[in-house]
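Please follow the chain in the viewer as the paragraphs below move from one helix to the next and then to single residues and loops.

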Amino acid sequence: MNKKQKKWLLRIVISGVIFAVLFIMEHAGVFEKLPWYISPLAFLVPYLIIGYDVLMRAAKNICHGRVFDENFLMMIATFGAIAVGEYSEAVAVMLFYQVGELFQNVAVNRSRQSITAMMEIVPEYANIEQDGQLTQVDPDDVEIGTHITVLPGERIPLDGVVIQGSSLIDTAALTGESVPRTVSTGDTIISGCINGSGTLIVETTREFDDSTVSKILELVESASEKKAQTENFITRFARYYTPVVTIAAILLAIIPPLIIGGNWGIWLKRACIFLVISCPCALVISVPLGFFAGIGAASRIGVLVKGSNFLELTASLRTIAFDKTGTLTLGEFRVQEIHPANGEPYFFPKSYPDDNDGRNESFNERDPIFNVLRLTAHVEGYSNHPIAVSIREAYEQRFGTPIDLNIVENVEEIAGHGIRATINGVPGSLPENPSTQTGITPSGHTGKQTLLAGNEKLMAENGITVPPCDAIGTIVHLASADDKKYYGCIVIADKVKDGISAELKNLKKVGITNTVMLTGDVDSVAKRIAESIGIDQVKSELLPADKVTAVESLIDPTGNKKVAFVGDGINDAPVLMRADVGIAMGSMGSDAAIEAADIVIMDDDISKIAKTIGIGRKTMRIIRENIVFALTVKFSIMILGALGLANMWLAVFADVGVAVIAILNSMRMLSAKNR
């Protein structure tokens, strides 16, 4: 408990002890022997000790025009009990109301700690060496490219690259993973993690405002602003419900005595009981607390949910669309095969540059496979696309020499198709028979030719016939744009993440009925990959702009079955925003994808999607239980109270008891089973 809660508890204990003594004295007949005013004055002491803050809040709200809230109901109900001489019941109502409020406050704080623990990842300083001494400076003042020192046990203040040292990094605060990660020179590290046993020298790559920890902080701070539809409904419900029951209580106190006659005190007491029963604490507190606990449970496993509305939507998810590269696969492209137009295919060994797989000995400058790789690598020379990088790496690692960009001219990148480029200083045509013709030689340059490197769409648009290739992976074809001659193709494969098939099955267990893969791969390759991992539906040969249309086609027009999209690339941002729920892979994902997403998985662990959906479904189930339970009990006892069949003690249970039970139910979201 914090200091405020301890003072609160002390007030409850003091007033409770005094009330217990007075209650015994009342039932022992002590007050009957004393003047009439002693009893009300005596009970007024514990009433004011425990209830003064409720009375002050009610008065302050009335002055500001906010009349109908639980403070007002408690004030009117207890004043009414005092007016009819039920002093002990007036104190009991206020006492147990405060007990319930304290319990609610403790529960909310416990739930809040699950989320605000993320706030503790904010570093207080960064170490910079000045005149041979380490000086602590504000991380906000550190510029990109600065060398900072991270000592053992310190929190990493900024994103950067390790340039000296090695250590174990505790990423639990960001990812929920308890196993530290080893980093050494050349590795990228992110702010907010804790350095283990070794000292690290880090070159910063981002300013603090753009760092991982800063962005996470923004996500956490904005999460509470986005309320779920259920929360908004309860807020609107309480806004109308409270004045309605207040007016009903007033009518209950006035109309029956006027119409059927009777003791005004009896009907006033019934009205007070009615007011205590009707207090909407159970709904107003337990519903937001349920969502808060759900978001906290997700944060404990390294998943940031940007608002309770998105947690609510996960409970209605039926379809999940995945971007293939970087989400279902590792995003690590490697050249696997080279298929020349004439000649046997070459299979790359698992480890460049060793060539000991037994299927091919090697290839040299007279082989057509060498020419296909060399020319394609040069055409892709200026591209930063992972496929282009993999082709250049294959060439450089296989032959130990970099490509010569001086001979590459007029490069034109055709989005979603490939690249057109002019190569200056290579043969006009490739040799068809390596045994009888000479390939590329240092002195054999014969002029310029314009080449095309890309997919089948690029070849078809330029009137080039492509022979069938059933290899699994992304296929880059090479041909001459001048004479339409086809030279061959290179197959690049991206490794599927371990355990993907099992995780897709887990999604089925939590209610997902349709899984979809979105990819730019040709249809035959995409279907083979999807079949191997258990994807239900494939949308292939998509350009970046086509993904939005593909997701829109999956959206249920009735709005009952929601669609999620999972991605990590900068070109995924529009799709993440268009889907009902956008889920970004936070560790390796781009800033644009993380900002556009509704849910961020901090360590790229795809298994946490099913866990988050499970948390969302459990949260909504608990909230519905609370709503049905609270309304059923309250309306039942309200009817009994109006008929004179419920006393003030039963009214206290209908208010405080129901609220406590609903809160306990909400706190189940923080149980160990959710983590």
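A residue is called buried here when its relative accessible area is under 20%, exposed when that area is over 50%, and partly exposed in between. The model is a predicted one, and by this criterion buried residues make up 52% of the 675 residues in the chain. The chain holds 21 helices and 23 strands, and its accessible surface comes to about 30400 Å², with 56% of that surface belonging to carbon and sulfur atoms. Among the contacts that join residues at least 6 apart in sequence, 66% are between residues at least 24 apart.

Helix 13 is a suitable place to begin. It runs over residues 386-399, and its 14 residues reach 20 Å from the first C-alpha to the last, close to the 20 Å expected at 1.5 Å a residue. Which residues of helix 13 are buried? They are I387, A388, S390, I391, R392, A394, Y395 and R398, a list that includes R392 and R398 alongside I387 and I391. These buried residues pack against strand 12 (329-340), strand 13 (346-347) and helix 12 (368-379), and also against strand 17 (474-480) and strand 18 (486-496). After helix 13 comes G400, whose phi is positive, near 70°.

Helix 9, which covers residues 281-300, can be read in the same manner. Its 20 residues reach 28 Å from the first C-alpha to the last, close to the 28 Å expected at 1.5 Å a residue. Because 16 of the 20 residues of helix 9 are buried, this helix is largely enclosed by the rest of the structure. The glycine that follows helix 9 is G302, and its phi is positive, near 80°.

The next step is to consider how helices meet in pairs. Two packed helices are described by the angle between their axes and by the distance between those axes. Helix 8 (residues 264-278) packs with helix 20 (residues 607-642) at an angle of about 175°, with the axes 8 Å apart. Angles over 145 degrees count as roughly antiparallel, and helix 8 and helix 20 are therefore roughly antiparallel to each other. On the side of helix 8 the contact is made by W267, R270, I273, F274, I277 and S278, and on the side of helix 20 by K634, I637, M638, G641 and A642. Sorted by class, the contact of helix 8 with helix 20 has seven nonpolar, two polar and two charged residues.

Helix 20 also packs with helix 15 (residues 500-509), here at an angle of about 10° and with the axes 8 Å apart. Helix 15 and helix 20 are therefore roughly parallel to each other. In this contact E503, N506 and L507 of helix 15 meet S607, I609, A610 and I613 of helix 20, and the residues involved divide into four nonpolar, two polar and one charged.

Two threonines show how single residues are placed in the fold. T327 lies in helix 11 (residues 324-328), and with 0% relative accessibility T327 counts as buried. Leaving aside residues up to four places away in sequence, T327 touches F322, K497, I500, V566, G567, D568, M585 and I606. The C-alpha atoms of T327 and D604 are separated by 7.9 Å, although these two residues are 277 residues apart along the chain. T515, in turn, lies in strand 19 (residues 514-518), and at 1% relative accessibility T515 counts as buried. With the same exclusion of residues up to four places away in sequence, T515 touches I320, F322, L504, L507, K508, G534, I535, D536 and Q537.

Other residues are partly exposed. K527 is found in helix 16 (residues 523-533) and is partly exposed, with a relative accessible area of 47%. From C-alpha to C-alpha, K527 and V538 are 6.5 Å apart in space, while they are 11 residues apart in sequence.

The loops offer two further residues to inspect, and the backbone is the point of interest in each. K484, in the loop between strand 17 and strand 18, has a positive phi of about 60° although it is not a glycine, and K484 is partly exposed, with a relative accessible area of 39%. E541 is located in the loop between strand 20 (537-539) and helix 17 (546-554); its phi is positive as well, about 55°, although E541 is not a glycine, and at 31% relative accessibility E541 counts as partly exposed.

Note on methods: Residues are numbered from 1 along each chain as its sequence is written. This is a predicted model: local features need pLDDT of at least 70, side-chain atom pairs count only at pLDDT 80 or more; totals for chains, interfaces and linings use all residues. Side-chain values use heavy atoms; hydrogens and water are left out. Helices (H or I, at least four residues) and strands (E, at least two) are DSSP runs, numbered from the N terminus. The expected span of a helix is 1.5 Å times one less than its number of residues. Buried means under 20% relative accessible area, exposed over 50%, partly exposed in between (1.4 Å probe, protein chains only). Contact means heavy atoms within 4.5 Å. Accessible areas come from the Shrake-Rupley method with a 1.4 Å probe; for residues, only the protein chains shown count as cover. Axes are lines fitted to C-alpha atoms, for helices over the stretch in contact, and angles run from 0 to 180 degrees between N-to-C directions. Angles under 35 degrees count as roughly parallel, over 145 as roughly antiparallel, 65 to 115 as roughly perpendicular and the rest as oblique. Ala, Val, Leu, Ile, Met, Phe, Trp, Tyr, Cys and Pro count as nonpolar, Asp, Glu, Lys and Arg as charged, and the others, Gly among them, as polar.
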